[in-house]
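The following is a walk through one protein model and its ligand. Please keep the sequence and the coordinates open while reading.

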Amino acid sequence: MTALLANAVSPRPVEPAAAASPVTCDVAVDLDGVEERVRVVEAAKAEGPRLEDAEIVVAGGRGLGVSEHFALVEELAGKLGGLAGASRPLVDDGWIDASRQVGLTGRITRPRLYLAAGVSGATQHMVGCSAAKTIVAVNTDPDAPIFRHARYGIVGDCVEVLRELIRAVDQMEVT
Ligand SMILES: Cc1cc2nc3c(=O)[nH]c(=O)nc-3n(C[C@H](O)[C@H](O)[C@H](O)COP(=O)(O)OP(=O)(O)OC[C@H]3O[C@@H](n4cnc5c(N)ncnc54)[C@H](O)[C@@H]3O)c2cc1C
């Protein structure tokens, strides 16, 4: 076995001229026949209103049950003049595109109102909405973490509550 004492060898100083003159060399790369150099897996949608600027966000989570119910989130958001957001599983499952994801790996929102329907309130989601002025949560589980962040909580089926809220807004528009 060979051993070396610490500081037994001094480093050799680098020649200033050598350090300042990088060695360059040409490398021939033949790209003939290569059809695809960059593959766009998912195009980022930059156009249109952004969640980051929305005053009102209605967000849906896995508690919506089926993708068709996300239309209720979009409808209510539209009627309130806001935008629809989503938790990550909905984006992962293709219910909605990634520009609508709220959270750590999504968008950071700061709306006046954040209505979370069927969202559990995982830390990674809350990073994207805890700066909201008012959070309203709808969840069937009274112990769901989201209720710790919400100013108003409704324990119930978010699909029913979304339908009721849409009806209520419609009635307000009529009267
Ligand atoms: C590195 C990393 C980054 C992540 N980044 C993000 C991110 O940016 N955004 C994000 O959202 N997540 C992110 N996640 C995932 C996150 O940890 C959670 O898994 C996710 O937020 C859960 O989504 P959810 O609340 O919709 O689903 P779930 O956790 O499955 O919660 C569904 C909720 O709906 C309730 N529910 C069920 N049925 C009904 C009903 N009929 N009516 C009302 N409520 C109902 C349930 O009680 C439950 O609370 C990340 C995870 C990791 C590891």
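The text below goes from the whole chain to the sheet, then to the helices, the ligand shell and a few loop residues.

This is a predicted model. The protein chain contains five helices and five strands, and along the sequence these elements come in the pattern α-β-α-β-α-β-α-β-β-α. The C-alpha trace spans about 85 × 50 × 30 Å along its principal axes. For a compact globule of 175 residues, a radius of gyration near 16 Å would be expected, but the protein chain has 26 Å. Of the 175 residues, 31% are buried. When contacts between residues at least 6 apart in sequence are considered, 55% of them join residues at least 24 apart.

The strands are the next topic. An open sheet of five strands is arranged in the order β2-β1-β3-β4-β5, and the pairing is parallel. Strands β2 (83-86) and β5 (152-155) each have a single partner strand, so they stand at the edges and one side of each lacks a neighbour in the sheet. From one strand to the next, the twist averages 15°. In general, the strands of a sheet pair through backbone hydrogen bonds, in either a parallel or an antiparallel manner.

The pairings can be followed from one edge to the other. Four bridges connect β1 and β2 in the parallel sense, and one of the residue pairs is A59 with its bridge partner G85 in β2. Within β2, the side-chain directions alternate: L83 and G85 point one way, A84 and A86 point the other way, and all are buried. Further along the sheet, strand β3 (residues 113-117) runs parallel to β4 and is joined to β4 by five bridges. Two residues of this pairing can be located directly: L113 has T134 as its bridge partner in β4, while L115 has V136. V136 also stands opposite Y152 in β5. The β4 and β5 strands pair over four bridges, again in the parallel sense.

Two helices can be placed against this sheet. Helix α2 (residues 70-79) lies across β1 (56-60), β2 and β3, and runs at about 175° to β1. Helix α5 lies across β3, β4 and β5, with an angle of about 135° to β3.

Now consider the ligand. It is surrounded by 28 residues, of which G61, G63, S87, G103 and S120 are the closest. Two or more residues of the shell come from each of α3 (88-92), α4 (123-126), β4 (134-139) and α5 (158-174). What is the make-up of the shell by class? There are nine nonpolar, 15 polar and four charged residues around the ligand.

Three loop residues complete the picture. H69 is in the loop between β1 and α2. Is H69 buried, partly exposed or exposed? H69 has 18 C-beta neighbours inside 10 Å; a residue is buried at 20 or more and exposed at 12 or fewer, so H69 counts as partly exposed. Setting aside residues up to four places away in sequence, H69 touches L64 and V159. H69 and D157 are 88 residues apart in sequence, and their C-alpha atoms are 12 Å apart in space.

G156 is in the loop between β5 and α5. With 12 other C-beta atoms within 10 Å, G156 is exposed. Apart from neighbours within four places in sequence, G156 is in contact with V138, T140 and V161. For one of these, V138, the separation is 18 residues in sequence and 6.3 Å in space, C-alpha to C-alpha.

D143 lies in the loop between β4 and β5. This residue has 8 other C-beta atoms within 10 Å and is therefore exposed. The C-alpha atoms of D143 and P16 are separated by 66 Å, and the two residues are 127 residues apart along the chain.

Note on methods: Residues numbered from 1 in each chain as written. Predicted model: local features only at pLDDT ≥ 70, side-chain atom pairs only at ≥ 80, totals over all residues. Near = placed C-beta within 6 Å. Nonpolar A, V, L, I, M, F, W, Y, C, P; charged D, E, K, R; others polar. Pairing = 2+ DSSP bridges. Axes fitted to C-alpha atoms, helices over the stretch in contact; angles between N-to-C directions. Contact = placed C-beta atoms within 7 Å. Rg over C-alpha atoms; globule rule 2.2 N^0.38 Å.
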